[in-house]
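Reader: Please take a close look at one part of this entry, the packing between helices, and then work outward from there. I would like a single connected account.

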Amino acid sequence: MDGSTALIGIRFVAVGLVCVAATAACNEGSSSGGSNVEIVASEDGSLEVIVGGKSTFALAPTGPVVRTFSERAVGIGAIGFDRSSEVTDSLTVQSVSNDGTSATIEYANASGSRTATLTADVIDDEVSEFRLELSGPAADSIAVGIRCDEDGTFHGFGEQYNATNQRGEAFELLVNEQGNGRDGSPGISVGDEHTTYFPMPYYIDARGFGALFVTARRVDVDLCASDEDVAWIEVISGAPVQWRVFLGPSGLDVIRQLGDFVGRPTQPPVWAYNLWMAGQGGRDNVLAEVAALEAADVPVAAFWVQDWGGIRRNFDGGSGVQYVWSADEALYPGFASMVSDFHAQGYKFLAYVNPFIVDPRSVRELDDPARFAERFDSMDEMGLLLKDLEGDTYLDSLVPNIPQVDAHPDFSNPQTGELISELLKDIVRAYDVDGWMADFGEWVPINSVPQDGSDPVQARNTFPIDWQRANRDALESLRGDDWVMFARAGFTGVQSVAQIHWTGDQETNWGKLDGFPTVVPAMLNLGLAGQPFVSHDIAGFTRSDSPSTKELFQRWTELGAFTPIMRTHDGADKLNNWRWNSDEETENHFRKFTYVHCALMNDFMMLAAEAEETGAPIVRHMMLVFPEDSETWNLSDQYMIGDSLLFAPVTERSATTWSVYLPDGLWFDVWTGESVEGGRRITVDAPIGSPPAFSRGQDREDLRNWGTLSYADCR
């Protein structure tokens, strides 16, 4: 690690907010003396934030731990770290002072050579702020110990796929390619249970408060795992550690308070809440897909065509898309007129972009290297690409589009974002597309050299923010509010420039680590992190041990219908995966749930308006609606749409019954209209076509009467 005592500037993108660790903590002003909040530090080093006489966030009775070490990055795309030569320096309490709305604790190590000062301040009745600053020898990390109360929870930490409550887990928080398999199996890019595109050093306690560590550095967490009494939050930097505690008093309040600090996504346009269909393989194939859907009476709002820039042949015989921002006129002749024709028929048209800058020298002649040269050559000449340790343009051969070689934009130079935005605007100007998938954003090499001299690990975490800002600027400046952008990467602050996040590249199987069951926890955790506009690939993307099956496609379709943005993907094994019209039964099932999704459109739009103002998730964790019911706290396989509609997708192969927890109250089975008393767990029949869905307090006859909707209603 750098071992530097220099204080690194940390940029966040909430509108009007710039936090710089070299200056005072990001106070909105001096302590306001919130009348309902007090901070109490004790002689043993413990510290509590007390709200209305109730203890909320608390530091454990142990001082911070400072470490020096060497680390080696391991992995491709999905990166972890092996640590060696670690020296641990535990600091103990030297003095404590309190004045009710603030507290200060002074620490020192055994020799007195290293000291630290913790200051805690009440900002107002909703937020308290903490800052821990070291003096003395350089450090590579600072760890803060949070008290693990018996009933405390640690929900969130960004888009986690295993569960929502991470208590008992230990993992690194770094923007990463999720990896294939996530179980340690051999592969090019292999992740683990906690590898994620969208990490975030932030959690919500189900009791009604939360904490955000304000840093762009990597953060390692040990959540009551190695010590059942302490949750360690270790920031991999010697710079001051800052965090904010959001005081709720409800989980929804915490999410609102988070959004007040980091920003909130903008909501999609109305048409986005109807079905999006994937199409690819060339103009004729896409037009044939349109005709088939129309003939089947499946209403579609938008088609997204990921291979509009061309098809890339991989070294293994498979295929992917070309990483270029211009149309392949051989594959899609008259592409601009094709998009215009779609618009004339009432369809929106979506494309695909990613931030890799392909070196034209690595492109085969038959793929027309000149198409790639425009971006690469201009950015290279302007010095807008990341450099390697020798000062040359970093050329990365270990990238998803092997055997091509890529460079990476250097967003530490403000001109880079401006140029990327202009190049993206050129797509809209030339073809009038309505938006796109803004893919990737996780591959910044950690041995690269940003132009401003900043830490490359920090640059890796902030890259998704800069990438999505450039995309949003391009679309918003030319299309007003009639556009969509769906991205997968993120970190603290991306909320203010984001629109939609999808859950990434699940495998086309039932695997609990990287398959269909991971979608719901991922969506719930995105919601907790202040991203309410979520989607996923029906029925997965990554090639697994076999193509997607009929049952998997149908169950994934059911989940898609009860998701704000319902969208298909043909998947990596596109020629063999099960499709919406692979047989008549699947086609009928797909049609039904397209209309069910349409019947939910008003729900989604009303919740979207609320979400844009407060951040309240549309796909809502049960504990946010029923905070007093502790049975809801650890649920990660069912959710509420808003406050009144419960959905529990069937995520196990061959299951025809399903266990559902119903909180207190009267619930109505959406498919039968029958009522059932809650406050208990029940097992319900759940054949394909009738996934568990319950309405709270009143029947939802409109959902089972989806057949009364017209084709025109749902476009």
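**Helix packing and its surroundings**

Author: In the contact between α4 and α5, the residues R375, M379 and M382 of α4 meet Q415, T416, L419, I420 and L423 of α5. The model is a predicted one. Two packed helices are described by the angle between their axes and the distance between the axes. For α4 (residues 370–382) and α5 (residues 414–431), the axes come within 11 Å and cross at roughly 160°. An angle over 145 degrees counts as roughly antiparallel, and α4 and α5 are therefore roughly antiparallel to each other. The crossing in which α4 passes α5 is right-handed.

Helix α5 also packs against α6 (residues 456–479), here with the axes 8 Å apart and at an angle of about 45°. That angle makes α5 oblique to α6. The crossing of α5 and α6 is right-handed. On the α5 side the contact is made by G417, I420, S421, L424, K425, V428 and R429. On the α6 side it is made by W467, A470, N471, D473, A474, L475, S477, L478 and R479. I420 of α5 appears in the contact with α4 and again in the contact with α6.

L424, which takes part in the contact with α6, leads on to the nonpolar core. The largest core has 138 residues, and those that touch the most other members are W276, F335, L424, W436, F562 and Y639. What does W436 touch, leaving aside its neighbours within four places in sequence? Its contacts include L424, I427 and V428, residue numbers that fall within α5 (residues 414–431). They also include N471 and L475, which belong to the α6 side of the helix contact. The remaining contacts of W436 are L350, A351, Y352, V353, V484, M485 and F486. Apart from this core lies another one of 45 residues, among them L59, V96, A120 and L132.

Y639 of the largest core has the number at which strand β30 (residues 639–641) begins. Strand β30 is part of an open sheet of six strands, in the order β29-β30-β31-β36-β33-β34, with antiparallel pairing. β29 (619–620) and β34 (675–677) stand at the edges with a single partner strand each, so one side of each is left without a neighbour in the sheet. Three bridges join β30 to β31 (residues 645–647), and M640 has L646 of β31 as its bridge partner. Further along, β33 (residues 666–669) is joined to β34 by three bridges and to β36 (residues 693–696) by three bridges. W667 stands opposite V676 in β34 and opposite R696 in β36. The hairpin of β33 and β34 has five residues between the strands, and G673 there takes a positive phi near 80°.

V96, listed in the separate 45-residue core, has a number within β6 (92–98). That strand belongs to an open sheet of eight strands in the order β6-β7-β8-β9-β17-β14-β13-β11, paired in the antiparallel sense. β6 and β11 (155–158) stand at its edges, each with a single partner strand, so one side of each has no neighbour in the sheet. From one strand to the next the twist averages 15°. Six bridges pair β6 with β7 (residues 102–108), and S95 stands opposite E106 in β7.

Two further helices lie on this sheet. Helix α1 (residues 251–262) packs on it and touches β13 (199–205), β14 (209–213) and β17 (241–246), its direction making about 145° with that of β13. Helix α7 lies across β11 and β13 and runs at about 85° to β11. How many residues of α7 (residues 519–528) are buried? The count is 10 of its 10 residues, including P521, N525 and G527. After α7 comes G530, with a positive phi near 85°.

One more group of strands completes the account. β4 (residues 65–74) and β5 (residues 80–90) run antiparallel and are joined by nine bridges, with F81 of β5 as the bridge partner of A73. The two strands form a hairpin with five residues between them, and G75 in the turn has a positive phi of about 105°. β4 also pairs with β10 (residues 141–147) in the antiparallel sense, over three bridges, and I142 of β10 is the bridge partner of V66.

Note on methods. Residues numbered from 1 in each chain as written. Predicted model: local features only at pLDDT ≥ 70, side-chain atom pairs only at ≥ 80, totals over all residues. Heavy atoms only, no water. Buried < 20%, exposed > 50% of the residue type's maximum accessible area, 1.4 Å probe, protein only. Helix = DSSP H or I, 4+ residues; strand = E, 2+ residues; numbered from the N terminus. Pairing = 2+ DSSP bridges. Axes fitted to C-alpha atoms, helices over the stretch in contact; angles between N-to-C directions. Contact = heavy atoms within 4.5 Å. Core = buried A, V, L, I, M, F, W, Y, C linked by side-chain atoms within 4.5 Å. Parallel < 35°, antiparallel > 145°, perpendicular 65-115°, else oblique. Left-handed = near helix turned anticlockwise from the far one by under 90°.
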